[in-house]
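Take a walk through this model, from its aromatic rings to its charged pairs, one pocket and one helix residue. Keep the structure in view as you read.

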Amino acid sequence: MTFSFSLVLVWLDLAGVFFFAVSGSLLAARKQFDIIGSLLLASVVSLGGGVIRDIVINAGPPVAFTNPAYLAPPLLATVLVYFLFSSVQRFTSLLVLFDAGGLALFCITGTLKALAAGMNPVAAVLLGVTTAVGGGLLRDITANEVPQLFDPKDIYALPAFAGAASTAVLSLTGTFTAVSATAVTAVVFAFRVTAWRRHWHAPLAVRGWHRLGLGTAENGR
C-alpha cells in the first residue's frame, strides 16, 4: 500500500479540498454571506469529511489541524470566488461541477486511508463514501439548504459508492496506480454530473409513492 502515502495521493487529497472549498464559497456567495462566512463555509465543506475520516480511523489529530497545507485551499477558494463570482454567477452548474470534483477525489483518498489503517474492505468503502459526502452534508446544513445527499430528485452518494468500491478493488489487487486513480476520478465525476443533468434518481423509500405527491400519499394513509 505504498501508493497510499505517496506524494500523488497527498496532491489528490489537496485537490479534493480545493474543489469542495470552491463549492462552499460559491454557495456562500449565492446566500450573500460575508467573506468571513465564505471562508468558514469553504473550510467546513472541504475539511469536514477528512476530519470525520481521521477521527474514525483513530489517526491522531486530523490532518487538517496538523498540516498547514490543508488550510491553503479554502483560503484560495474564498479569494477566487470573491474576485470572480460576479462574472460566473450566471452558470448555475458551477457549484455542482466543483462539488462533483471533490466527491470524486475524496471517495478515493478516504478509501485508501481507511485500507492503510487496517480496516476491512467493506468498512473502507463505507468510510470512503462518508469522507466524500460528509463535507457536502455539513455545507448544506450550515447554509440552511436541503442536503443534496437527501434530495429525492438527485443521486449523490451512489457515485461515491462506485468510486470507493472501485478504489478498494484496485488497491487490494495491486492495480491502483496514478492512471487508474485518474480513471476512477473521471468516472465518478461523469456519473455525478450526468445524474444531475439528466435528473436520475433512486426509488423512494415506499413503493407506490410519487415524488410530487408525497403529501397526498401521507394524507391517504
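Is Phe19 buried, partly exposed or exposed? The model is a predicted one, and in it Phe19 has a relative accessible area of 28%. Buried would need under 20%, and exposed over 50%. Phe19 is therefore partly exposed.

Start with the rings. A pair of aromatic rings is described by the distance of the centres and the angle of the planes. The count for this structure comes to five aromatic pairs. One of them joins Phe19 and Phe98. Their centres lie 5.6 Å apart, and the planes meet at 40°. That geometry is tilted. The pair links distant parts of the chain. Phe19 sits in helix α1, Phe98 in helix α5, and 79 residues separate them. Phe18 belongs here too: with Phe19 and Phe98 it forms one aromatic cluster.

Now turn to the charges. Side chains of opposite charge can pair when their charged atoms come close. How many salt bridges does the structure hold? The number is seven. Among them is the bridge between Asp13 and Arg53, whose closest N and O atoms are 3.8 Å apart. Asp13 lies in helix α1 and Arg53 in helix α2, which spans residues 35–56, so the pair ties together parts that are 40 residues apart in sequence.

Are these two partners buried or exposed? Asp13 has a relative accessible area of 2%, so Asp13 is buried. Arg53 counts as buried because its relative accessibility is 1%. Arg53 also forms a salt bridge with Asp54, the closest N and O atoms being 3.0 Å apart. Both Arg53 and Asp54 are buried. Lys113 joins the group as well: Asp13, Arg53, Asp54 and Lys113 are linked in a network of salt bridges.

Another salt bridge brings together the side chains of Asp140 and Arg139, at 3.0 Å from N to O. The relative accessible area is 3% for Asp140, which is therefore buried. For Arg139 the value is 0%, so Arg139 is buried too.

Next, look at the second largest pocket. Its volume is about 240 Å³. It is lined by 13 residues, and those closest to its centre are Leu27, Leu95, Val96, Glu145 and Gln148. Which helices each supply at least two residues of this lining? They are α1 (7–30), α5 and α8 (178–198). The lining is mixed in character: five residues are nonpolar, two are polar and six are charged. Helices α1 and α5 have been met before, as the homes of Phe19 and Phe98.

Stay with helix α5 for the last stop. This helix covers residues 94–116, and Ala114 is found in it. Why does Ala114 count as buried? Its relative accessible area is 0%, and the cut-off for buried is under 20%. Which residues does Ala114 touch, leaving out those up to four places away in sequence? The contacts are Ile57, Met119, Ala124 and Leu127. The spacing to Val125 can be added. Ala114 and Val125 are eleven residues apart in sequence, and their C-alpha atoms are 8.1 Å apart in space.

Methods. Residues are numbered from 1 along each chain as its sequence is written. This is a predicted model: local features need pLDDT of at least 70, side-chain atom pairs count only at pLDDT 80 or more; totals for chains, interfaces and linings use all residues. Side-chain values use heavy atoms; hydrogens and water are left out. Helices (H or I, at least four residues) and strands (E, at least two) are DSSP runs, numbered from the N terminus. Buried means under 20% relative accessible area, exposed over 50%, partly exposed in between (1.4 Å probe, protein chains only). Contact means heavy atoms within 4.5 Å. On a 1 Å grid over the protein atoms alone, a cavity is a set of points where a 1.4 Å probe fits but cannot get out, and a pocket is an open set with protein on both sides within 12 Å along at least five of seven lines; lining residues have an atom within 4 Å of a point. Grid points are joined across faces, edges and corners, and a volume is the space filled by probe spheres set on the points. Ala, Val, Leu, Ile, Met, Phe, Trp, Tyr, Cys and Pro count as nonpolar, Asp, Glu, Lys and Arg as charged, and the others, Gly among them, as polar. Rings of Phe, Tyr and Trp (its six-membered ring) pair if their centres lie within 6.5 Å; planes under 30 degrees apart count as stacked, over 60 as edge-to-face and the rest as tilted. A salt bridge is a side-chain nitrogen of Lys or Arg within 4 Å of a carboxyl oxygen of Asp or Glu.
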